There are 2 protein chains.
Amino acid sequence: MNRKLCLFIAMSLDGFIAKTDDDISFLNQVELEGEDYGYSEFINTVDTVILGRKTYDKVLSMGVESLYGSRQVFVITRTPRPDSGKTVFFSGKLTDLVLSLKNQPGQNIYCDGGAETISHLLQENLIDEMTVSVIPVLLGDGIRLFGYKFPEQKLQLVKSQSFEKGLVQLHYVKI
Amino acid sequence: MNRKLCLFIAMSLDGFIAKTDDDISFLNQVELEGEDYGYSEFINTVDTVILGRKTYDKVLSMGVESLYGSRQVFVITRTPRPDSGKTVFFSGKLTDLVLSLKNQPGQNIYCDGGAETISHLLQENLIDEMTVSVIPVLLGDGIRLFGYKFPEQKLQLVKSQSFEKGLVQLHYVKI
């Protein structure tokens, strides 16, 4: 299986990906003209996106329609909906979906959140690579990237890079 | 006030400083002959140590008697005990202790944990510098470095450094 399931996500130093009200304005402090922190390079390695239904709705509510371009998108939901273009609403077992995708040829698979979907993937040890950007702030409360229990897992640091705005990007692969 | 209150602490990528049973064996994976990850340089900037009673007892139980050398040590406890050499058992208000120390001349002050004491300091916005070493592991459960609510606080990244064993050390100052 050479097709990898990847995270590419930002968190505060204290491990939050959003405040309790889903506010992600803490990301604004690292915005810099012409700096995308490797996102376009990363997304070009990906042809399939998995995300939770709540995150999907949030992305839509932000008016972002074509965030994922022409990529295949799977929205993990308990409530089936009809497919919409390249977007499939998947209400089966997440593990089955991921294993099935990994067994098909293709580029990497990107899980774009949310915390609940990521935690299910961690519980099943399905995440192969993680790029975590640490934002220089302590939020003190909010939605944790790692808020649920899952089995211990060793990682290998592939790269660490710091940026002008104080963001540190950590890139790990599963051992 | 030039005397700073500093953290120098390691956590897993998912933000744990120990497993639920206080097990810190995840630190072993970054042990390397002759590499102290800047600890001796750091501790030489410090003449006073603050730590919680549970952490103090744990340090003692590990047979470490002179971890802090000749430094002044304050153990934060609800139960007063007689002083022991340079170790003072402090059962007053932590904020008062820290403000009083900061107003006295001296080197920096090191808070060596635990999570409860650190959280009290964060709640009062008393921590001036943080050196956080991120260990390349997901523990999945345990004692969180940032497990309690506290007010949001922006940080400035001073330095980020990665090491052979995959540890990434992040050094922040309070803005």
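Me: What percentage of the 175 residues of chain A count as buried?
Reply: The structure is a predicted model, and its chain A has 175 residues. A residue counts as buried if 20 or more other C-beta atoms lie within 10 Å of its own. By that criterion, the buried portion of chain A is 39%.

Me: How many helices and strands does chain A have, and why is chain A described as compact?
Reply: Chain A contains 4 helices and 11 strands. Its radius of gyration is close to the 16 Å that the globule rule gives for 175 residues, so chain A is as compact as a globular protein of that length. The C-alpha trace of chain A spans about 40 × 35 × 35 Å along its principal axes. The counts asked for are 4 helices and 11 strands, and the radius of gyration behind the description is 16 Å.

Me: Which relation links chain B to chain A?
Reply: Chain B is superposed on chain A by a rotation of 180° with 0.0 Å of shift along the axis, at an RMSD of 0.0 Å. That is the relation of a two-fold axis.

Me: Which residue of chain B comes closest to the rotation axis?
Reply: The distance to the rotation axis is taken here at the C-alpha atom. The closest approach in chain B is 3.3 Å, and the residue concerned is Gly15(B).

Me: Which strand gives the largest share of the side of chain B that touches chain A?
Reply: The contact takes 28 residues from chain B and 28 residues from chain A. On the side of chain B, E7, E8 (137-138), E10 (153-162) and E11 (168-174) each supply at least two residues. The largest share, 7 residues, comes from E10(B).

Me: How many residues on the side of chain B that touches chain A are nonpolar?
Reply: The copies meet through the same surface, because 100% of the interface residues of chain B are also interface residues in chain A. On the side of chain B, 7 residues are polar and 5 are charged. The nonpolar residues there number 16.

Me: Which strands are the edge strands of the open sheet of 9 strands?
Reply: The order is E8(A)-E10(B)-E11(B)-E7(B)-E1(B)-E6(B)-E3(B)-E4(B)-E5(B), with mixed pairing. An edge strand of this sheet pairs on one side only. The two that do so are E8 (137-138) of chain A and E5 (87-90) of chain B.

Me: In which sense do E10 of chain A and E8(B) pair, parallel or antiparallel?
Reply: These strands belong to separate chains and are joined by 2 bridges. One bridge sets Lys154(A) opposite Val137(B) in E8(B). The sense of the pairing is antiparallel.

Me: Which residue of E7(B) stands opposite Met11(B)?
Reply: E1 (residues 5-12) of chain B is mostly covered, with 6 of its 8 residues buried. E1(B) pairs with E6 (residues 108-111) of chain B through 3 bridges in the parallel sense, and Leu5(B) faces Ile109(B) there. E1(B) also pairs with E7 (residues 129-135) of chain B, in the parallel sense over 7 bridges. In that second pairing, the residue opposite Met11(B) is Val134(B).

Me: Which residues have the most contacts inside the largest nonpolar core?
Reply: The largest nonpolar core has 95 residues. Leaving aside neighbours within four places in sequence, Val134(B) is in contact with residues including Leu170(A), Met11(B) and Leu170(B). The residues with the most contacts inside the core are Val134(A) and Val134(B).

Note on methods: Residues numbered from 1 in each chain as written. Chains lettered and ligands numbered in written order. Predicted model: local features only at pLDDT ≥ 70, side-chain atom pairs only at ≥ 80, totals over all residues. Least-squares fit on C-alpha atoms with pLDDT ≥ 70 in both. Contact = placed C-beta atoms within 7 Å. Core = buried A, V, L, I, M, F, W, Y, C linked by C-beta atoms within 7 Å. Buried ≥ 20, exposed ≤ 12 C-beta atoms within 10 Å, placed from the backbone. Pairing = 2+ DSSP bridges. Rg over C-alpha atoms; globule rule 2.2 N^0.38 Å. Nonpolar A, V, L, I, M, F, W, Y, C, P; charged D, E, K, R; others polar.
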